[in-house]
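Here is a brief report on one helix and the aromatic rings around it. Please look over the sequence and the structure first.

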Amino acid sequence: MDLACARQFASRWQDDWNSHDLDRVLAHYAEDVVFSSPMIARLTGDPAGTPHGKAALRAYWTTGPIDYRDQIGGRVYEVLAFRDVLIVSGFGAYGETAAV
């Protein structure tokens, strides 16, 4: 993905994320996406905390809150890997330090 494509993705991603429309957000993900986060394990009780596939990610996001404003003021980061223009894997990381 070149810089122009990355900027275009980031703009669409922000608009889609802020729409709170799950279908718009999931349109950025490949069918075989794998996503991991300690928050997934905490909310679902599944110690792996790793949904496999878009349907599993949809199920998690339908159950769990999607909110980038960390409830305790901690930093939140997402690392995304792409195949062509779709996300194939992601990891959400949560820190203890308040965002500045």
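Which elements cover the buried residues of H4?

## The cover over H4

This is a predicted model. The cover over the buried residues of H4 includes three helices and a strand: H1 (3–19), H2 (22–26) and H3 (38–44), plus strand S1 (29–36).

## Two sides of one helix

Helix H4 spans residues 54–63, and its buried residues are Lys 54, Leu 57, Tyr 60 and Trp 61. Viewed down the axis of H4, these buried residues fall within an arc of 120°, so they line one face of the helix.

The face turned away from that buried side looks different in accessibility: Ala 55, Thr 62 and Thr 63 are exposed there.

## Trp 61 and its ring partners

The whole structure holds 7 aromatic pairs. One of them joins Trp 17 and Trp 61. Their contact is edge-to-face, with 5.9 Å centre to centre and 80° between the planes. Trp 17 sits in helix H1 and Trp 61 in helix H4, so the pair ties together parts 44 residues apart in sequence. Both Trp 17 and Trp 61 are buried.

Trp 61 also pairs with Tyr 29. The ring centres are 5.5 Å apart and the planes stand at 80°, so this pair is edge-to-face. Tyr 29 belongs to strand S1 and Trp 61 to helix H4, which links distant parts of the chain, 32 residues apart. Tyr 29 is buried, as is Trp 61.

## The wider cluster

Ring pairs connect a cluster of Phe 9, Trp 13, Trp 17, Tyr 29, Phe 35, Trp 61 and Phe 82. Trp 61 thus has two roles to note here: a buried residue of H4, and a member of this ring cluster.

Notes. Residues numbered from 1 in each chain as written. Predicted model: local features only at pLDDT ≥ 70, side-chain atom pairs only at ≥ 80, totals over all residues. Heavy atoms only, no water. Buried < 20%, exposed > 50% of the residue type's maximum accessible area, 1.4 Å probe, protein only. Helix = DSSP H or I, 4+ residues; strand = E, 2+ residues; numbered from the N terminus. Arc of directions from axis to C-beta. Contact = heavy atoms within 4.5 Å. Phe/Tyr/Trp six-rings, centres within 6.5 Å; stacked < 30°, edge-to-face > 60°.
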